[in-house]
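Ready for a few warm-up exercises? Have a look at the chain below, try each task yourself, and then follow the worked solution.

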Amino acid sequence: MGPLKLVLFDVDGTLIDSQHAIVAAMEAAADEADLPTPTRADTLNVVGLSLVEAVKRLFGDFDDYDQARMVQAYKNAYMTARQSDGAPPFFAGALAAMETLHARDEMLLGTATGMSRRGMRRIIETYGLDGLFATTQTADDQPSKPDPAMVNAALSETGVAPEDAVFVGDTVYDIQAGRAAGVFTIGVGWGYHAPNDLERAGADAVVERFADLIPAIDRLWSER
């Protein structure tokens with residue numbers, strides 16, 4: 001068996017379809033802070049950032065008390081939606097692709113997500129994914145992407161070299177974080193940022209369906 005390899009996934013917009021819950025929660029947060037409701041497009045454009053950074057991008061800097069109140073309002077609304085509607089669904093083919101990769105002896109899987117550790121834990125528990133991920137990096141642990149800290153932490157935790165890792169994500173922040181950490185990057189075309197934006201950000205490959213992901217991963221490693 002060769003060296004260990006790591007496939008690192010973003011979560012929102014890459015693995016799970018949480019679009020409705022995110023937009024509704026951000027609207028609730030704006031209402032709580034008595035701020036104008038952001039457009040759906042603007043909200044979806046900041047998905048992938050940590051919540052604090054997303055709030056700053058959407059509404060600018062304001063005092064710490066109001067920012068904390070808004071962040072908490074978002075979390076409350078998001079968790080309420082999950083409790084009433086259940087956990088967001090995985091995109092078609094996501095679970096099957098991860099199970100196929102996980103079955104390979106040399107392969108480790110991980111996540112690098114802007115969601116909280118509590119949110120990540122809920123996804124794992126809801127779908128029975130204990131033992132699937134060798135590393136889970138969240139916004140509670142590291143700075144927001146596009147800072148490469150999450151990717152670097154995942155590499156350190158698993159002992160995988162950058163050239164043996166690939167980061168799969170749906171936003172330019174994912175691609176920028178992966179490139180800064182020196183790993184391969186694959187953009188997915190079903191998420192929050194357009195495929196041509198992912199290409200311009202420097203993605204090594206962009207796929208339009210999960211069925212194409214594993215061949216793209218194998219091709220990157222075989223061609224290096």
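**Exercise 1: the pocket**

Which helix supplies the largest share of the lining of the largest pocket?

Solution. Keep in mind that we're looking at a predicted model.

- Step 1: start with the space itself. The largest pocket holds about 500 Å³.
- Step 2: look at the wall. The lining is made of 27 residues, and those nearest the centre are Leu51, Tyr74, Gly114, Met115 and Ser116.
- Step 3: sort by element. At least two lining residues come from each of H1, helix H3 (51–59), H4 and H6.
- Step 4: pick the winner. H4 gives six residues, the largest share of that lining.

**Exercise 2: aromatic pairs**

Find out how many aromatic pairs the structure holds, and work out how the rings of Phe90 and Tyr127 are set against each other.

Solution.

- Step 1: the count of aromatic pairs is three.
- Step 2: take Phe90 and Tyr127. Their ring centres are 4.7 Å apart and the planes stand at 90°. Planes over 60 degrees apart count as edge-to-face, so that's the label for this pair.
- Step 3: place the partners. Phe90 is in the loop between helix H4 (64–85) and helix H5 (94–102), while Tyr127 belongs to helix H6 (residues 117–127), and the two are 37 residues apart.
- Step 4: check their cover. Phe90 has 14% relative accessibility and therefore counts as buried. Tyr127, at 28%, counts as partly exposed.

Now turn to Trp190 and Phe210: which kind of aromatic pair do they form?

- Step 1: the centres of Trp190 and Phe210 are 4.6 Å apart with 35° between the planes, which makes a tilted pair.
- Step 2: Trp190 sits in the loop between strand E5 (184–188) and helix H9 (195–200), and Phe210 in the loop between strand E6 (205–207) and helix H10 (213–223), so parts 20 residues apart in sequence are tied together.
- Step 3: Trp190 and Phe210 are both buried.
- Step 4: widen the view a bit. Phe91 joins Trp190 and Phe210 in one aromatic cluster.

**Exercise 3: a helix under cover**

Decide how many residues of helix H7 (residues 149–158) are buried, and what covers them.

Solution.

- Step 1: seven of the 10 residues in H7 are buried, so we can call the helix mostly covered.
- Step 2: name them. They are Ala149, Met150, Val151, Ala153, Ala154, Leu155 and Thr158.
- Step 3: find the cover. It includes strand E1 (5–9), strand E2 (107–112), strand E3 (135–137), strand E4 (165–169) and helix H8 (172–181).
- Step 4: step just past the end of H7, and you'll meet Gly159, with a positive phi of about 75°.

**Exercise 4: charged partners**

Which residue meets Lys5 in a salt bridge, and which ring does Lys5 lie over?

Solution.

- Step 1: here's the general idea. Opposite charges on side chains can pair when the charged atoms come close.
- Step 2: the salt-bridge count is 10. In one of these, Asp164 meets Lys5 at 3.4 Å, N to O.
- Step 3: this pair links distant parts of the chain, with Asp164 in the loop between H7 and E4 and Lys5 in strand E1, 159 residues apart. Both Asp164 and Lys5 are buried.
- Step 4: Lys5 also lies over the face of Trp221, 4.6 Å from the ring centre.

Next, trace the network around Asp10: which residues belong to it?

- Step 1: begin with the salt bridge between Lys145 and Asp10, at 2.9 Å, N to O.
- Step 2: Lys145 is in the loop between E3 and H7, and Asp10 is in the loop between E1 and helix H1 (19–32), so the bridge ties together parts 135 residues apart in sequence.
- Step 3: Lys145 is buried, with a relative accessible area of 1%. Asp10 also counts as buried, at 1% relative accessibility.
- Step 4: shared partners join Asp10, Lys145 and Asp174 into one network of salt bridges.

**Exercise 5: one last bridge**

Is Asp212 buried or partly exposed?

Solution.

- Step 1: find Asp212 in the loop between E6 and H10.
- Step 2: the side chain of Asp212 meets Arg209 in a salt bridge at 3.1 Å, N to O.
- Step 3: the relative accessible area of Asp212 is 28%, so Asp212 is partly exposed.

Conventions
Residues are numbered from 1 along each chain as its sequence is written. This is a predicted model: local features need pLDDT of at least 70, side-chain atom pairs count only at pLDDT 80 or more; totals for chains, interfaces and linings use all residues. Side-chain values use heavy atoms; hydrogens and water are left out. Rings of Phe, Tyr and Trp (its six-membered ring) pair if their centres lie within 6.5 Å; planes under 30 degrees apart count as stacked, over 60 as edge-to-face and the rest as tilted. Helices (H or I, at least four residues) and strands (E, at least two) are DSSP runs, numbered from the N terminus. Buried means under 20% relative accessible area, exposed over 50%, partly exposed in between (1.4 Å probe, protein chains only). A charge sits over a ring if NZ of Lys or CZ of Arg is within 6 Å of the ring centre and within 35 degrees of the ring normal. Contact means heavy atoms within 4.5 Å. A salt bridge is a side-chain nitrogen of Lys or Arg within 4 Å of a carboxyl oxygen of Asp or Glu. On a 1 Å grid over the protein atoms alone, a cavity is a set of points where a 1.4 Å probe fits but cannot get out, and a pocket is an open set with protein on both sides within 12 Å along at least five of seven lines; lining residues have an atom within 4 Å of a point. Grid points are joined across faces, edges and corners, and a volume is the space filled by probe spheres set on the points.
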